[in-house]
Amino acid sequence: MPGGEFTSRSVRSKVTSTDVDTDRRIASGAPLRAWQRRALTKYLTANPTDYLAVATPGAGKTTFGLRVAAELLADRSIERITVVAPTEHLKHQWAASAARNGIALDPNFSNSTGSTSSDFDGVVLTYAQVAAHPFRHRVRTEQYRTLVILDEIHHGGDAKSWGDGIREAFGDATRRLALTGTPFRSDDSPIPFVTYEPEPGGGQRSRADSSYGYSEALRDGVVRPVVFLAYSGEASWRTSAGEEFTARLGEPLSAEQTARAWRTALDPHGDWIYAVFTAAHRRLIRLRESGVPDAGGLVIATDQQNARDYADLLHSITGTKPTVVLSDDPKSSARIEEFSNSTDEWMVAVRMVSEGVDVPRLSVGVYATNASTPLYFAQAIGRFVRSRRPGETASVFLPSVPVLLQLASELEAERDHVLGKPHRESDGLDDALVTDANKRKDEPGEEEKSFQSLHADAELDQVIYDGSSFGTTTLVGSDEESDYLGLPGLLDADQVRTLLQQRQAQQVTNRSTSRVREADQASAAPNAAERGTGENLMALRKELNTLVALHNQRTGKPHSAVHSELRTRLGGPPTAMATADQLKERISALRTWR
C-alpha cells in the first residue's frame, strides 16, 4: 500500500485526547503524500459529519480513507467502521489493505447473519448488499459510533434502490467519508451525502471538500503519463436487407455508421483487432525489454463471448494463454490476485470488471469495448495510471472513434457532477446501463440480428498525449508505427512529449523526402512509383476486399473466413499488414476460385 504502514491499535495508544495538536497527530503516523496530508489536515481540523475526497485513480484514496479511520479510532470519535464498495472484489481488496495497516475489517459479513466477531473493527459491504437490507445496516450503524466510508460514491446513484438504501442505512452515522476518482455521472441521479451548489444557468454542481486531479498527480509523479494510440481503418458490414456499407473509422459519420464501423473493428475474427493486438503486444515486449520487466497488459472487452474470443486470439499471437476474468465467475477475484502477483503478460476482462482491477503493473491496455460514457472511460483508464516508481508510462490502444478521441484528449480535465443539464450531447453511443455489460447473453439482440461485420483494416491514425495529437496516419507494420511502439519503457512526462515531437518531426521529414524521391523516379520511369507506396497498398486492399465480397455472394462464405483461407493457403499476415506482393498474390489466387 502506498504511503507505508500504520496500525490502528498502536495509534490508539499514542493519541487519545482531542487536545493533541493536529500536525503532531499527522506526523505520528506513516508518511503521506502531499495531497493526503492536506486533506487529512483539513478533515481533522473541521471534524465534519460528511466529507467528499476526490482523487484521480491511482492517487491513494484507500490509504487516505484508512488513515482517517485510524485517526478517528485513535481519539475514540468512532467505535466501528463500515466500508461500502461497488464490487465483491473490491470488498476483499479493502479488507486486505486494512489488514496490512492494522485495521481488521470483515469482508465476509452476511446480511443473513447480521453480525460479525468483536475482533473486527468493522465490515466491508457492497452497495447492492446495503440496498437489499438497509434497515438491518441502519440498526448496526446506530449501535456504535460508526464511520462509513463510501468508496466510489458515484455508484450511489446507479439505481434508485442503491441511493435510497445507503441514505436509510447510514443517514444517522456519526461520520461519513465519501471517496471517488470520478465524481461525475452521465445522468441526473443525485449522489447521496454529496453537497450540490447552484451555478449559473440553473444547474447544480457537486462540491468536493478536497480534490486531487490527474494533472496534479502527473506533475507530482504519483501517476503515470498515458499515451493513447488510436487506430483507424476501413470497415465493411452488411445489413439484414443485404446492403453492404464501407466507412472509415475516425471520419465524420452518422451515429449508426460510427457504431457499426466500431463494432466491425472490434470483431474478434477480423483483421483490425488482430493488427491492434499485435501492435499492443509489441509495445508490451518493448516495455519489458527497456526497464519494466513485469509490465502487464489488459484487454477490456464488451461481453463475455468477445472476451473468450480475444483470449484465443492473444494466445495465437503471443503463444501464451492470457488470464480471463468474467463477471459471473466466482473465482474472478482470485484470478485477478494471481495475475497481479505474477509476471504473466496479458489479462482479458469484461467491461465493468475493469473497475475492480487493481494491478499496479498494468502498463498496456486495449480498449476493445463500445462503452463510451466519460465515467466508464475514466474508470477504465484508471486501471493503467498507478505509478510504482519514477519513469513508468502507460500505453492504451483504442479505435479512432470521435467520442473516444475526445475523451482521450480530455484525460486531464477535472469534472464534477452537474444536475439539471447534460454533460455532453447525446451521440447514440452511451451505455444504457453500464452493469448490463456483465450479464451473460446467449441470444443475439435485434441489433446483432440486423447487422453482420464483414471486414476491417487497421492503420495507426494518431498518438494522443497530454491533450495533443502527434503523428500522421501510417500503415500497420511500418517503420513509422514501430517508432511509436518502440518508445523507451522509462520516461517522465516531459520526456514523453519531447520524444513524440521528435518522432512526428522525423515522420514528416521522411515523408517529404520520400515524395521527392518518388517524383524523381516517376519522371524517369513512370511505373517505378507504383511499387510499395501507401496509395498502391490502399488500392490493392480495396481490390482484394471487392473480390472477397464477390466470392461471398457466390459461395455464402463470410468475408473473414475468405480472408483466413487466403492466409492459410498462401501464408503471410492479415490484409492490413500484408505487402504489395502478398496482396497481388491473394488477388490472383482469388480470381481463380469458384
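This briefing walks through some strands, helices, rings and loops of the structure above. Keep in mind that the model is a predicted one. We start with an open sheet of seven strands, move on to helix α15 and its surroundings, and then look at aromatic rings, of which the structure holds eleven pairs. A few loop residues round things off.

**The seven-strand sheet**

- Strands in a sheet pair through backbone hydrogen bonds, and they can do so in parallel or antiparallel fashion.
- Here, seven strands make an open sheet with parallel pairing, and their order is β3-β4-β2-β5-β6-β1-β9.
- The edges belong to β3 (105–106) and β9 (210–212); each has a single partner strand, so one side of each has no neighbour in the sheet.
- Take the β3 edge: β3 pairs with β4 (residues 122–126) over two bridges, in the parallel sense.
- If you want to find that pairing in the model, look for D106, whose bridge partner in β4 is V123.

**Helices lying across that sheet**

- Helix α3 lies across β1, β5 (146–151), β6 (175–180) and β9. The helix runs at about 170° to β1.
- Helix α5 (residues 88–100) lies across β2, β3, β4, β5 and β6. Its angle to β4 is about 155°.

**A closer look at A85**

- Is A85, which lies in strand β2, buried or exposed? A85 counts as buried, because its relative accessibility is 0%.
- Leaving aside residues up to four places away in sequence, A85 touches L90, K91, W94, L125, T126, Y127 and D151.
- A85 and A128 are 43 residues apart in sequence, and their C-alpha atoms are 9.2 Å apart in space.

**Around β15 and helix α15**

- Seven of the seven residues of β15 are buried, so this strand is largely enclosed by the rest of the structure.
- β15 pairs in the parallel sense with β12 (residues 296–301), over six bridges. In that pairing, L298 has G365 of β15 as its bridge partner.
- β15 also runs parallel to β16, joined by three bridges, and V364 stands opposite S395 in β16.
- Put β15, α14 and β16 together and you get a right-handed β-α-β unit.
- Which residues of helix α15 (residues 402–409) are buried? They are V403, L404, L405, L407 and A408.
- The cover over those buried residues includes β10 (226–239), α10 (255–265), β15 (362–368), α14 (374–381), β16 (394–399) and β19 (459–465).

**An antiparallel hairpin**

- Strands β7 (residues 195–198) and β8 (residues 204–207) run antiparallel and are joined by four bridges.
- E197 stands opposite R205 in β8.
- Five residues sit between the two strands of this hairpin, where G201 takes a positive phi near 100°.

**Aromatic rings**

- A pair of aromatic rings is described by how far apart the centres are and by the angle between the planes.
- The structure holds eleven aromatic pairs. In the pair of Y127 and W162, the ring centres are 6.0 Å apart and the planes are at 15°, so this pair is stacked.
- Y127 belongs to helix α6 (residues 127–132) and W162 to helix α8 (residues 160–170), so the pair ties together parts that are 35 residues apart in sequence.
- Y127 is buried, with a relative accessible area of 0%. W162 is buried too, with a relative accessible area of 18%, because buried means under 20%.
- Elsewhere, W35, Y43, Y51, F64 and Y212 form one aromatic cluster.

**Charges over rings**

- The charged end of R361 sits over the ring of F339, 4.3 Å from the ring's centre.
- R569 lies over the face of W593, at 4.2 Å from the ring centre.

**Loop residues with positive phi**

- N47 is in the loop between α3 (34–46) and β1 (50–55). N47 is not a glycine, yet its phi is positive, near 50°.
- How open is that spot? N47 is partly exposed, with a relative accessible area of 40%.
- R76 lies in the loop between α4 (61–74) and β2 (80–85). R76 has a positive phi of about 65°, although it is not a glycine.
- R76 is exposed, with a relative accessible area of 55%.

Definitions and conventions:
Residues are numbered from 1 along each chain as its sequence is written. This is a predicted model: local features need pLDDT of at least 70, side-chain atom pairs count only at pLDDT 80 or more; totals for chains, interfaces and linings use all residues. Side-chain values use heavy atoms; hydrogens and water are left out. Two strands pair if DSSP finds at least two bridges between them. Rings of Phe, Tyr and Trp (its six-membered ring) pair if their centres lie within 6.5 Å; planes under 30 degrees apart count as stacked, over 60 as edge-to-face and the rest as tilted. Buried means under 20% relative accessible area, exposed over 50%, partly exposed in between (1.4 Å probe, protein chains only). A charge sits over a ring if NZ of Lys or CZ of Arg is within 6 Å of the ring centre and within 35 degrees of the ring normal. Contact means heavy atoms within 4.5 Å. Axes are lines fitted to C-alpha atoms, for helices over the stretch in contact, and angles run from 0 to 180 degrees between N-to-C directions. A crossover is right-handed if, with the strands pointing away from the viewer, the path from the first strand over the helix to the second runs clockwise.
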